[in-house]
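Let's take a walk through this fold together, one strand and helix at a time. Have the viewer open and follow along.

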Amino acid sequence: MSGKLGPHRTRLNPDLVAGLLGRAEEAAKRAYAPYSGLHIGAALLTADGGIYQGCNVENASYGLTWCAERTAVVSAVAAEGALMRIEAIAIWTDDLPVSPPCGACRQVLAEFGRDTVVVFNTTDGMVERTVGELLPDAFVGPID
């Protein structure tokens, strides 16, 4: 999978994107994925400048599986508190040709910033979208 941005517009500094993708790739190597075999990592940047990683953690009761994006969000909230806001998140996997966040992750990301930039792979390379573009009709929380 290419770590380079595809033919889509770029909202973030390319060095920042590369750094987040590197941290997401690093996190993917720590995934617990004995059932799917898919190793997915995420790295998010908060408005306060913190960077937090997450990886998927599967469970025999598959509904209890945690996606990489949500584990990164939980780590960020645990470190920075309930007012944490996400500026950007990068998602990495070598296992799939396309890796946008699932619907549940999109809603969780929306809770902490609909303008959050999401970077993920597609068959055209890495692309950037905002959470609002990925989930235009998100449920709105008390802070939005």
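**Starting from a strand pair**

β4 and strand β5 (residues 125–130) run antiparallel and pair over 6 bridges. Only a short link joins these strands: β4 and β5 make a hairpin with 2 residues between them. If you want a landmark in this pairing, find F120, which stands opposite V127 in β5. Bear in mind that you're looking at a predicted model.

Now look at the other pairing of β4. β3 and β4 pair too, in the parallel sense, over 3 bridges. Here A90 is a handy marker, since A90 stands opposite V119 in β4. To get from β3 to β4, the chain passes through α3, and this β-α-β crossover is right-handed.

How many of the residues of β4 are buried? The count is 6 of its 6, so β4 is mostly covered. You can check this face by face: V117, V119 and N121 lie on one side, V118, F120 and T122 lie on the other, and all of these are buried.

**Over to the helix**

Next, swing round to α3, which spans residues 103–111. Which of its residues are buried? They are C105, R106, L109 and A110. These four cover an arc of only 140° around the axis, which puts them on the same side of α3. The spacing rule behind this is a familiar one: an α-helix has 3.6 residues a turn, so residues three or four places apart point the same way.

What lies over that buried side? The cover includes α2 (68–80), β3 (86–93), β4 (117–122) and α4 (131–134). So β3 and β4 turn up again here, because both are among the elements that cover the buried residues of α3. Just after the helix, pause at G113, which takes a positive phi of about 145°.

**A word on the cysteines**

If you're wondering about disulfides, the structure holds 0 of them. Take C55: this cysteine is in no disulfide, and the nearest cysteine sulfur, that of C67, is 11 Å away. With a relative accessibility of 15%, C55 counts as buried, because the cut-off for buried is under 20%.

C102 is in no disulfide either; the nearest cysteine sulfur belongs to C105 and is 3.7 Å away. A disulfide needs the two sulfur atoms within 2.5 Å, so this pair doesn't count as one. Is C102 buried or partly exposed? At 32% relative accessibility, C102 counts as partly exposed, whereas C105 in α3 is buried.

How values were computed:
Residues numbered from 1 in each chain as written. Predicted model: local features only at pLDDT ≥ 70, side-chain atom pairs only at ≥ 80, totals over all residues. Heavy atoms only, no water. Buried < 20%, exposed > 50% of the residue type's maximum accessible area, 1.4 Å probe, protein only. Arc of directions from axis to C-beta. Contact = heavy atoms within 4.5 Å. Pairing = 2+ DSSP bridges. Right-handed = clockwise from strand over helix to strand, strands pointing away.
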